[in-house]
Amino acid sequence: MPKKDYYEILGINKDASTEEIKSAYRKLALKYHPDRNPSNKEEAEKKFKEINEAYEVLSDPEKRSRYDQFGSAEGMGGFDFRDFQGRGPSDFGDFSDIFDSFFGTRTRRREERARPQKGADLRYDLEISFEDAAFGKETEIEVPHWETCPVCQGSGAKPGSTPQTCPDCHGSGEVRTTQSSIFGQFVNVQTCRRCHGEGKIITEVCSNCRGTGKVRTRKVVKVKIPAGVDSGYRLRVAGMGEPGERGGPTGDLYIVISVKPHKLFKREGINIRCNTTISFVKAALGGEITVPTLEGNVKLKIPAGTQPNTVFRLKGKGIYKIGTKQRGDQYVKINVEIPKKLSSEQKKLLLDFAKLSGEDPDTIGEKGVFDKIKDAFNQNEG
Ligand SMILES: [Zn+2]
Ligand SMILES: [Zn+2]
């Protein structure tokens with residue numbers, strides 16, 4: 001076997017850094033990937049194998065130093081693809097795709113191996129009142145929860161029966177076969193089909209949990225809703241999701257808030273708005289009115305001569321900014337009510353008022369000022 005210069009194969013210097021080695025390898029492996037060289041497949045495969053072999057040695061500090069010392073990789077044992085793959089996709093990023101296509105099902109099978117897995121997150125939609133959103137609230141919700149099956153203590157096996165070591169994999173969860181390929185021999189590792197990687201076989205299934213070892217119950221969770229939340233706000237309760245697999249961590253519970261609309265108030269961020277109606281006499285003369293707030297009624301002074309649609313501000317009567325003592329304001333818009341029906345005495349007083357104000361008595365006539373306006377509109381429309 002001729003001596004191979006791995007540095008030359010990867011086109012790098014003898015003092016190349018790990019990053020340089022990886023980068024050179026990535027470039028070349030992409031270039032010589034046999035799938036990318038259909039017209040020259042045999043040559044590409046040969047080259048690809050060389051590149052992998054070089055990378056296998058140079059990317060491992062221990063192997064690299066031995067190679068540097070002895071100038072040869074010979075006597076170091078065969079090229080172990082499993083070891084190579086064991087670096088995991090994170091090390092290679094998008095590059096792992098190449099190996100998926102190149103080694104086909106093998107890569108996928110490895111990912112199916114029995115590993116701890118985090119449980120799924122759960123979502124709980126919680127509708128709360130406008131006031132609770134404004135001031136926060138402590139409440140309790142009931143969520144589905146999984147507990148270790150009390151009958152089988154989580155083993156999934158019927159009490160009295162014992163799970164047996166899987167005869168196919170002898171408890172390892174993996175089945176190894178040696179295969180020959182264009183790269184020579186390599187070890188093929190598959191998840192054991194018989195036990196699905198668990199290494200154990202349950203001969204008699206627990207009837208309470210149907211062999212899962214877990215039973216679904218309900219659990220009461222205390223929830224502290226902070227003041228100032230709005231629709232769409234998510235609260236995370238760690239560890240209250242679905243249980244993990246094979247000792248993996250439990251998922252989380254996400255409580256998604258939706259706030260019911262209020263009869264009187266409209267929310268705009270931390271401010272709220274409402275409307276209130278006063279008589280035209282009060283608008284003209286001024287005075288005190290009662291205005292609802294989130295914390296009951298308050299008095300509001302209306303100055304004389306207040307115009308319709310005037311907006312007053314009640315400072316600090318809005319909603320808290322989450323996690324702060326800062327609070328928004330309440331805006332009160334004034335509607336001025338024009339009386340629809342007037343007694344003859346009221347009409348007379350209004351006419352007197354009009355005369356005092358210098359209005360032309362002829363244009364006022366017998367009809368109320370407001371009726372005349374209405375008539376004018378009707379004529380225009382007709
Ligand atoms: Zn059970
Ligand atoms: Zn097995």
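This passage describes the overall make-up, the zinc site, the nonpolar cores and the salt bridges of a predicted model.

The protein chain contains 13 helices and 15 strands, and buried residues account for 34% of its 382 residues. When contacts between residues at least 6 apart in sequence are considered, 63% of them join residues at least 24 apart. The accessible surface of the protein chain amounts to about 23,800 Å², with 48% of this area belonging to carbon and sulfur atoms.

The zinc ion (ligand 2) is held by four protein donors, namely the SG atoms of Cys166, Cys169, Cys192 and Cys195, which lie 2.2 to 2.3 Å from the ion. In sequence, these donor residues follow the spacing C-x2-C-x22-C-x2-C. The angles among the four donor atoms range from 104 to 120°, and the site is tetrahedral; for comparison, the ideal angle for four tetrahedral donors is 109.5 degrees. Because buried means under 20% relative accessible area, Cys166 counts as buried at 1% relative accessibility, and Cys169 likewise counts as buried at 5%.

In soluble globular proteins, nonpolar side chains tend to be buried together. In the present model, the largest nonpolar core has 35 residues, and those with the most contacts inside this core are Leu253, Ile255 and Ile257. Strand S9, which spans residues 253–259, supplies the largest share of the core, with four residues. Leaving aside residues up to four places away in sequence, Ile257 touches several residues, among them Leu126, Ile128, Ile225, Val229 and Leu235. A second core, separate from the one just described, has 19 residues and includes Tyr7, Ile21, Tyr25 and Ala29.

The structure holds 16 salt bridges, and the residues that form them vary in how they are placed with respect to the surface, as the following pairs illustrate. Asp125 pairs with Arg123, their closest N and O atoms being 2.7 Å apart, and both of these residues are exposed. In the salt bridge between Glu174 and Arg176, the closest N and O atoms are 3.6 Å apart; here Glu174 counts as buried at 10% relative accessibility, whereas Arg176, with a relative accessible area of 49%, is partly exposed. Glu268 forms a salt bridge with Arg273, with 2.8 Å between the closest N and O atoms; Glu268 is partly exposed at 43%, and Arg273 is also partly exposed, at 34%. Finally, Lys118, Asp121, Arg236 and Asp252 are linked in a network of salt bridges.

Methods
Residues are numbered from 1 along each chain as its sequence is written. Chains are lettered from A and ligands numbered from 1 in the order in which they are written. This is a predicted model: local features need pLDDT of at least 70, side-chain atom pairs count only at pLDDT 80 or more; totals for chains, interfaces and linings use all residues. Side-chain values use heavy atoms; hydrogens and water are left out. Donors are N, O and S atoms within 2.8 Å of the metal (3.2 Å for Na, K and Ca); water is not among the atoms, so sites may look incomplete. Four donors count as tetrahedral if all angles lie between 85 and 135 degrees; four count as square planar and six as octahedral if opposite donors are over 155 degrees apart and all others between 65 and 115; anything else is irregular. Buried means under 20% relative accessible area, exposed over 50%, partly exposed in between (1.4 Å probe, protein chains only). A nonpolar core is a set of buried Ala, Val, Leu, Ile, Met, Phe, Trp, Tyr and Cys residues joined through side-chain atoms within 4.5 Å. Helices (H or I, at least four residues) and strands (E, at least two) are DSSP runs, numbered from the N terminus. Contact means heavy atoms within 4.5 Å. Accessible areas come from the Shrake-Rupley method with a 1.4 Å probe; for residues, only the protein chains shown count as cover. A salt bridge is a side-chain nitrogen of Lys or Arg within 4 Å of a carboxyl oxygen of Asp or Glu.
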